[in-house]
Amino acid sequence: MKIQKNYIELQKFDNAATAYFIKNGYWDSETKKFTDKESTKLVSNLKNIVKQAGAHFEEYREKYEELNIDHCAEDEKTNIILREPNGDYKFTKDGLKKRNKARKELDLSSVELHARITDGELALTDEEKEAFSGLVIPS
């Protein structure tokens with residue numbers, strides 16, 4: 001089943017899934033790898049959605065970079081993009097307002113995911129239930 005989620009909801013899911021993996025011994029924060037602990041159906045489904053989300057987050061980063069380029073300040077004569085000494089883009093006041101508005105629109109834009117619903121009684125927190133709803137648990 002396909003489901004639509006915006007980037008904010010997707011990030012909330014990713015954060016909750018990561019916290020669930022760590023809390024339940026499926027993720028080693030030091031090595032930044034999954035442990036050898038045998039996956040449950042829920043964990044397998046979470047991993048599947050996290051993998052899908054990764055592709056969408058990469059797309060998001062590219063779109064966000066384009067927003068920065070579209071709205072940053074540039075030299076009037078050469079049209080060269082102006083940067084801070086640390087490499088950040090420089091913005092005019094108006095350009096920054098426009099970029100921030102465009103970013104909000106991007107954050108609220110939806111992407112399509114293939115839900116992987118896990119049936120049965122699951123010991124989840126209210127936060128996990130909210131973040132996982134419709135993606136890995138029934139709505």
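Helices here are DSSP runs of H or I with at least four residues, numbered from the N terminus. Helix 2 holds a neat example to start with: Lys63 and Glu59 both lie in this helix, four residues apart, about one turn of the helix. The two residues form a salt bridge, with their closest N and O atoms 3.7 Å apart. Please keep in mind that this is a predicted model. Below is a short tour of its core, its strands, its rings and its charged pairs.

**The nonpolar core**

- The largest nonpolar core has 29 residues, and those with the most contacts inside it are Phe13, Tyr20, Phe21, Leu46, Phe132 and Val136.
- At least two residues of this core come from each of helix 1 (7-23), helix 2 (41-71), helix 3 (93-108), strand 4 (110-114) and helix 4 (126-132).
- Helix 2 gives the largest share of the core, nine residues.
- If you click on Phe132, you will find that it touches Phe13, Ala16, Ala17, Tyr20, Leu46, Leu124 and Ile137, leaving aside residues up to four places away in sequence.

**Strands 1 and 4**

- Strand 1 (residues 2-6) and strand 4 run antiparallel and are joined by five bridges.
- Gln4 is the residue that stands opposite Glu112 in strand 4.
- In a regular strand, side chains alternate between the two faces of the sheet.
- Strand 4 shows such an alternation: Val111 and Leu113 point to one face and are buried, whereas Ser110, Glu112 and His114 point to the other and are not buried.

**Aromatic pairs**

- Across the whole structure, a search finds six aromatic pairs.
- One of them joins Phe21 and Phe34 edge-to-face, at 5.1 Å centre to centre and with 80° between the planes.
- This pair links distant parts of the chain, since Phe21 sits in helix 1 and Phe34 in strand 3 (residues 33-34), 13 residues apart.
- Phe21 has a relative accessible area of 3%, so this residue is buried, while Phe34, at 35%, is partly exposed.
- Phe34 also pairs with Trp27: the ring centres are 4.9 Å apart and the planes stand at 80°, so this pair is edge-to-face too.
- Trp27 counts as partly exposed because its relative accessibility is 24%.
- Elsewhere, ring pairs link Tyr7, Tyr60 and Tyr64 into a cluster.

**Charges over rings**

- Phe34 has a charged neighbour as well: Lys47 lies over the face of this ring, at 4.4 Å from the ring centre.
- In the tyrosine cluster, the face of Tyr64 has Arg103 lying over it, 4.5 Å from the ring centre.

**Salt bridges**

- Side chains of opposite charge can pair when their charged atoms come close.
- A search of the whole structure finds six salt bridges.
- Lys12 and Glu130 meet through their side chains in one of these, at 2.3 Å from N to O.
- That bridge links distant parts of the chain: Lys12 belongs to helix 1 and Glu130 to helix 4, with their positions 118 residues apart.
- Lys12 is partly exposed at 36% relative accessibility, whereas Glu130 counts as exposed at 51%.
- Back in helix 2, Lys63 at 34% relative accessibility is partly exposed, and Glu59 at 35% is partly exposed as well.
- Lys98 forms a salt bridge with Asp94, the closest N and O atoms being 3.5 Å apart.
- Lys98 and Asp94 are four residues apart in helix 3, so about one helical turn separates them.
- Both partners count as partly exposed, Lys98 at 47% relative accessibility and Asp94 at 46%.

Methods:
Residues numbered from 1 in each chain as written. Predicted model: local features only at pLDDT ≥ 70, side-chain atom pairs only at ≥ 80, totals over all residues. Heavy atoms only, no water. Core = buried A, V, L, I, M, F, W, Y, C linked by side-chain atoms within 4.5 Å. Buried < 20%, exposed > 50% of the residue type's maximum accessible area, 1.4 Å probe, protein only. Contact = heavy atoms within 4.5 Å. Pairing = 2+ DSSP bridges. Phe/Tyr/Trp six-rings, centres within 6.5 Å; stacked < 30°, edge-to-face > 60°. Lys NZ or Arg CZ within 6 Å of the ring centre and 35° of its normal. Salt bridge = Lys/Arg side-chain N within 4 Å of Asp/Glu carboxyl O.
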